Amino acid sequence: MERIDLASLNLEELTEKLREISEKSGVKIEKFRSAQIYGWLTRGVYSFEEMLNVPKNIKAVLDEYCFITLPRVEKKLVSKIDGTVKYLFRLHDGEFIESVFMRYEHGNTLCVSTQVGCRMGCSFCASTLTGLTRNLTPSEILGQVVAAQKDMGEKVSNIVMMGIGEPLDNYDNVMKFLELVNDEKGLNIGHRHISLSTCGLCDKIRQLADEKKQITLSLSLHASDAETRRKLMPVARKYDLDELISSCRYYIEKTGRRISFEYAMIAGENDTHAHAERLGNLLSGMICHVNLIPLNDVKERNYTKSSKKAIDDFVKILEKKHITATVRRRLGSDINASCGQLRAENEKK
Ligand code: SF4
């Protein structure tokens, strides 16, 4: 029997697994034990030894049939400018992922990873340089929140899935994570406080729309014409821009939620007046918001961020077309807070 990843289960599934283990091992595990164990996990106790009200013989069986692990802090960088904290976490199999803890007026936000590496190949992103190693399990996504809260001694109230990986490429585990993190007996973080960022897997966007969750969808658009998008993001060779915009309209129609379009401003690549005009036309009539992101320079690629003037002009053109746009504050600019850079440096070593 493969050892069970306990923290990836909801209470009902955990109860069923403990029943099976009890049958198999011959050790009596009463039904109320599952609520006790689930309670420890949701309070961030990820060691059977520390589960004080669980008898020794049950702990021994749990140790034999199950496992629980929390991502370990391998490296922690704290921004001197704004206090943003970037974590490099080591997973139980020696792989590394990143999370970023940010303080905003509306509460603490954690940016989590959903995969080890990424196979989407976006040309401005360091997370994809060595491809996809594996998907994260629900407990490994949740574990980043638990570990960051423990380390910071502060509660995380918002989550953005914008770290390493494409969340919709790990669909089932991400859906399970959304269920677990929302559990009122657990971290109890409402879906309205969670954003999921995708590079644009159209079929999965439609599937997500049908789930009618109240999360915010962030669409990494980064271009307003098919050719530029294909150059920047290989995913655009599979799903063209029209198909993408149509799946976004479907998402809004099904969920009633506004979409955030993410647009990394890259000097000379996608930041001209013509690009802004086209973007305004493309999003016309959609309930949406555009986040312009001055790109953190990616050493491994030859991209630099747009000038302030180019960004200001871009915003003005969008506003004329009645599209609201804001320029994202660059938190943690002194600690390489761009996704994947810390992991890439660690891999090189
Ligand atoms: S931007 Fe996101 S989807 Fe694109 S390669 Fe990076 S992690 Fe993957």
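A residue counts as near a molecule when its C-beta atom, placed from the backbone, lies within 6 Å of it. The exercises below apply to a predicted model.

**Exercise 1. The ligand shell**

Determine how many residues surround the ligand, which are closest, and how the shell divides by class.

*Solution.* Step 1: with the cut-off of 6 Å, the ligand is surrounded by 13 residues. Step 2: the closest of these are Cys118, Met120, Cys122, Cys125 and Thr128. Step 3: sorted by class, the shell comprises 7 nonpolar, 5 polar and 1 charged residues.

**Exercise 2. The packing of α6 and α9**

Describe how helix α6 packs with helix α9, and identify the residues that make the contact.

*Solution.* Step 1: two packed helices are described by the angle between their axes and the distance between the axes. Step 2: for α6 (residues 202–211) and α9 (residues 241–255), the angle is about 5° and the axes are 9 Å apart. Step 3: angles under 35 degrees count as roughly parallel, and α6 is therefore roughly parallel to α9. Step 4: α6 contributes Cys202, Ile205, Arg206, Ala209 and Asp210 to the contact, while α9 contributes Glu243, Leu244, Ser247, Cys248, Tyr250, Tyr251, Lys254 and Thr255. Step 5: by class, the residues of this contact are 7 nonpolar, 2 polar and 4 charged.

**Exercise 3. The two domains**

State the domain bounds and characterise the contact between the domains.

*Solution.* Step 1: the domain assignment gives domain 1 as 4–67 and domain 2 as 72–348. Step 2: a distance of 35 Å separates the C-alpha centres of domain 1 and domain 2. Step 3: 6 residues from domain 1 and 15 residues from domain 2 take part in the contact. Step 4: on the side of domain 1 that touches domain 2, there are 1 nonpolar, 4 polar and 1 charged residues.

**Exercise 4. The sheet and its strand order**

Give the strand order of the sheet, name its edge strands and state its average twist.

*Solution.* Step 1: the sheet is open and has 10 strands, in the order β3-β4-β5-β6-β9-β10-β11-β12-β13-β14, with mixed pairing. Step 2: β3 (72–78) and β14 (325–327) are the edge strands, each pairing on one side only. Step 3: from one strand to the next, the twist averages 20°.

**Exercise 5. From β3 to β5**

Trace the pairing from β3 through β4 to β5, and locate the residues with positive phi in the two hairpins.

*Solution.* Step 1: β3 pairs with β4 (residues 85–90) in the antiparallel sense over 6 bridges. Step 2: within this pair, Val73 is opposite Phe89 and Val78 is opposite Val85. Step 3: the hairpin of β3 and β4 has 6 residues between the strands, and Gly83 there adopts a positive phi near 80°. Step 4: β4 and β5 (residues 96–104) run antiparallel and are joined by 6 bridges. Step 5: Phe89 has Ile97 as its bridge partner in β5. Step 6: between β4 and β5 the hairpin has 5 residues, and Gly94 in the turn shows a positive phi of about 90°.

Note on methods
Residues numbered from 1 in each chain as written. Predicted model: local features only at pLDDT ≥ 70, side-chain atom pairs only at ≥ 80, totals over all residues. Nonpolar A, V, L, I, M, F, W, Y, C, P; charged D, E, K, R; others polar. Axes fitted to C-alpha atoms, helices over the stretch in contact; angles between N-to-C directions. Helix = DSSP H or I, 4+ residues; strand = E, 2+ residues; numbered from the N terminus. Parallel < 35°, antiparallel > 145°, perpendicular 65-115°, else oblique. Contact = placed C-beta atoms within 7 Å. Domains from an automatic or database assignment. Pairing = 2+ DSSP bridges.
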